[in-house]
Amino acid sequence: MIDLNTQDLNEVNIQYIKGVGEKRARLFNKLGIYSVGDLLCYYPRKYQDWSKSVSALEAPEGEVVAIRATMITPVQEAKIRKGMTLYKCNFSDGETVIHVTIFNNKYLAQALRTYEEYILFGKVDKSFTSASMSSPQIEKFDIADSIHPIYGATESLNSKAIAKVVKSVLDNLGELGETLPEEVKQKYNLCSLDFATRQVHFPSDVKNIEIARKRLIFEELLMLQIGLLKLRDKKETKNETRLTGDYFSEFEGLLSFELTRAQKRAINECLDDMKGSTTMNRLVQGDVGSGKTAVAGAVVFSTVKCGYQAAMMAPTEILATQHYESFKKLFKDCDIRLELLTGSTKAAEKRRIKAALMDGEIDFIIGTHALIQNDVEFKDLALVVTDEQHRFGVEQRASLAMKGTSPHLLVMSATPIPRTLGLIIYGDLDISILDELPPGRQEIRTDVVDSTFHTRIYNFIKKAVDDGKQAYIVCPLVDEGESELISAKEYAEKLQTEVFKDYNLGLLHGKMKAKEKDAVMSAFARGDVQILVSTTVIEVGVDVPNATIMLIENAERFGLSALHQLRGRVGRGKDKSYCILVSDSKSDSSAERLQVMKSTNNGFKIADYDLKTRGPGDFFGKRQHGLPNLIIADMLEDMDTLKACQQCAQEMLSADPRLDSYPALCKNINNMFRKTNY
Ligand code: ADP
Ligand code: MG
């Protein structure tokens with residue numbers, strides 16, 4: 001084995017560790033482990049305490065326990081049927097005979113020796129005179145006297161095998177180099193990295209697990225905070241594209257409505273930023289329907305009128321296309337040259353657009369990720385807007401920002417996150433909040449019903465469509481393993497042939513090509529499609545004010561925030577809108593959750609409730625915040641540590657702005673943020 005002590009562990013491929021090799025390395029890769037560094041950060045999910053053994057008599061029925069016992073009869077083998085062999089043997093803990101049955105595990109059965117002492121780990125079934133255990137874990141007593149780490153494993157790479165490799169690495173490593181400054185460790189009462197790493201994998205005592213975790217969580221959150229602060233630092237760049245004036249009132253003249261006070265405030269904040277001495281980095285946060293697009297429009301309009309280019313990036317082609325269509329209409333008499341660039345733009349067209357962007361012949365470009373590809377260059381990019389930015393990683397934002405000399409950045413998000421947390425995770429941005437909905441908006445009426453109401457709901461939809469309105473129907477969410485595609489298709493077909501024979505239905509699902517999606521979506525926006533059956537791909541941002549009904553099947557399977565986003569697709573015009581949540585769930589908690597949807601239209605209240613009842617893991621499900629993935633820390637659960645780390649990061653950076661004294665920590669931070677690019 002190579003000498004690990006002379007290497008950068010993040011550079012040593014896991015395959016060179018004794019007992020791994022090329023083939024097994026691939027199994028480790030599946031768990032996201034590529035280097036020895038990754039392996040050491042692959043922390044156990046939980047632990048089994050084998051150190052406190054009980055006697056079979058004391059063992060509580062049905063609970064997993066460790067029993068120290070001697071094997072007293074040799075293994076008897078019995079073939080029950082093809083492919084199923086039972087191994088039976090008896091153990092004694094000194095007072096009770098324990099009948100042990102092992103299924104199919106020949107390797108284990110052959111390794112057992114009579115009169116040797118073992119630890120049996122599992123559940124005990126007790127009868128009057130004896131006890132039995134079915135497929136317990138069995139270890140020799142001398143190596144079993146400890147707390148066992150349990151790792152997230154796969155079928156072909158189990159926890160025990162992972163533990164063995166981790167152990168061999170740790171045994172071959174001298175003391176791990178410290179990454180945190182001594183003062184920080186002392187001030188926050190943190191153990192050394194060496195102690196933390198060894199104890200988190202193989203704790204010698206239960207209380208060491210907490211000591212180790214405390215240090216590792218702190219370090220991870222500290223790295224996050226330092227990274228974010230540096231990102232902000234990078235962005236506090238000189239404003240090279242100052243707006244010389246603004247065209248706010250001219251823009252207002254284009255609109256068919258009066259802007260809300262909140263919209264005006266946000267627009268003015270943006271325009272002030274852009275006239276200032278440093279570039280803008282601003283988040284506009286507003287609930288669904290609060291009119292974020294108009295804010296972006298006003299800022300884009302002023303930018304372009306001052307002679308610069310502007311870009312707007314949306315997370316889906318549907319949304320990008322929709323923004324393109326509506327801005328084309330809004331700006332039709334304004335002499336603004338705008339174009340759409342997405343993944344499905346034809347190659348020749350792409351070439352033309354790219355050339356035109358470089359020559360400054362396009363004023364405003366709208367698009368998807370395609371906009372941040374390396375070969376897209378601008379002549380004079382002054383503003384980048386990202387819509388629904390929570391779908392983008394921090395790095396992606398930064399990457400687009402790098403394209404201009406130093407463009408202003410405006411990010412728009414409907415994700416309602418608790419304010420304290422927002423200030424921390426969006427630490428690199430100033431925030432404008434749209435806390436007001438456009439006037440005349442009627443509350444969306446939300447009802448929770450079970451599936452016996454289907455006929456009535458369908459009739460209700462027919463009536464609305466007969467009146468010229470449109471409806472969304474969100475398909476049942478499928479279980480893992482089932483095909484979303486098949487179930488959505490089947491459901492749409494059933495609706496078309498059995499329920500809505502005389503109506504135009506459209507189907508939208510995740511597996512469709514972007515072009516097809518756009519075609520369906522535009523047909524719906526035009527009103528040609530009356531009822532849009534969809535999987536959750538419509539969740540974000542689309543705007544069809546004529547749609548007034550949102551029917552969601554299996555509502556209990558969605559997170560409340562997702563339901564709120566879906567509901568936000570209706571109630572966008574002046575007509576009364578309805579959200580119908582269908583659920584047959586018998587569980588009290590899901591009933592309660594759905595009632596919350598009925599009781600409020602306020603996204604922040606809903607997010608708070610979601611947070612309290614589903615836990616932070618779900619709240620940030622799918623990493624919607626776009627921040628680096630945290631391995632051990634949890635931003636909400638470890639909120640206090642997060643706050644401490646924010647302060648600590650500030651102190652460290654003001655003492656040593658480039659962190660020259662902590663090269664190892666810097667390297668780790670760079671790694672952490674590099675991985676954000678998905
Ligand atoms: P979101 O904040 O969810 O992105 P949008 O920008 O899509 O919201 O706006 C929702 C709808 O409200 C659109 O149809 C838009 O034209 C309309 N709208 C926006 N601002 C106003 C306003 N001040 N008065 C009336 N309608 C508005
Ligand atoms: Mg929007």
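Me: Where is V169 found?

Reply: V169 sits in helix α5, which covers residues 159-171. Keep in mind that this is a predicted model.

Me: Okay, and why does V169 count as buried?

Reply: Buried means under 20% relative accessible area. V169 comes in at 0% relative accessibility, so it counts as buried. As for its surroundings, the C-alpha atoms of V169 and L39 are 9.1 Å apart, although the two positions lie 130 residues apart along the chain.

Me: What about D638: why does that one count as buried?

Reply: Try the cut-off again: under 20% means buried. D638 has 15% relative accessibility, so it counts as buried. This residue belongs to the loop between α21 (603-619) and α22 (639-655).

Me: Which residues is D638 in contact with, leaving aside its neighbours within four places in sequence?

Reply: I217, L221 and A633. Contact here means heavy atoms within 4.5 Å. I217 is 421 residues away from D638 along the chain, yet their C-alpha atoms are separated by 8.1 Å.

Me: Zooming out, what share of the chain's residues count as buried?

Reply: 53% of the 678 residues. The chain has 23 helices and 23 strands. Take the contacts between residues at least 6 apart in sequence: 73% of them join residues at least 24 apart.

Me: Let's do the sheet. What makes β18 and β20 edge strands?

Reply: The open sheet has 6 strands in the order β18-β23-β22-β19-β21-β20, and the pairing is parallel. β18 (445-449) and β20 each have a single partner strand, so one side of each has no neighbour in the sheet. On average, neighbouring strands here are turned by 15° against each other, direction ignored. There's a helix on this sheet too: α20 (residues 588-599) packs there, touching β18 and β23 (578-582), and its direction makes about 160° with that of β18.

Me: How do you know that β20 and β21 pair?

Reply: Two strands pair if there are at least two bridges between them. β20 and β21 (residues 531-534) are joined by 4 bridges and run parallel, so they make the cut. One example is G506, whose bridge partner in β21 is L532.

Me: And what about β19 and β22: over how many bridges do they pair?

Reply: 5 bridges, in the parallel sense, between β19 (residues 470-474) and β22 (residues 547-552). V474 stands opposite I552 in β22.

Me: What makes both faces of β20 covered?

Reply: Look at each side of the strand, residues 505-508: L505 and L507 are buried on one, G506 and L508 on the other. β20 also belongs to a β-α-β unit, together with helix α18 (residues 514-526) and β21, and that unit is right-handed.

Me: Last one: how do α10 and α11 cross?

Reply: The axes of α10 (residues 261-275) and α11 (residues 292-305) come within 9 Å and cross at roughly 35°. The crossing is right-handed. On the α10 side the contact is made by Q263, A266, I267, C270, L271 and M274, and on the α11 side by A294, V295, A298, V299, S302 and T303.

Me: How do the residues of that contact divide into nonpolar, polar and charged?

Reply: 9 are nonpolar, 3 are polar and none is charged. Ala, Val, Leu, Ile, Met and Cys are among the types that count as nonpolar.

How values were computed. Residues numbered from 1 in each chain as written. Chains lettered and ligands numbered in written order. Predicted model: local features only at pLDDT ≥ 70, side-chain atom pairs only at ≥ 80, totals over all residues. Heavy atoms only, no water. Axes fitted to C-alpha atoms, helices over the stretch in contact; angles between N-to-C directions. Helix = DSSP H or I, 4+ residues; strand = E, 2+ residues; numbered from the N terminus. Left-handed = near helix turned anticlockwise from the far one by under 90°. Buried < 20%, exposed > 50% of the residue type's maximum accessible area, 1.4 Å probe, protein only. Right-handed = clockwise from strand over helix to strand, strands pointing away.
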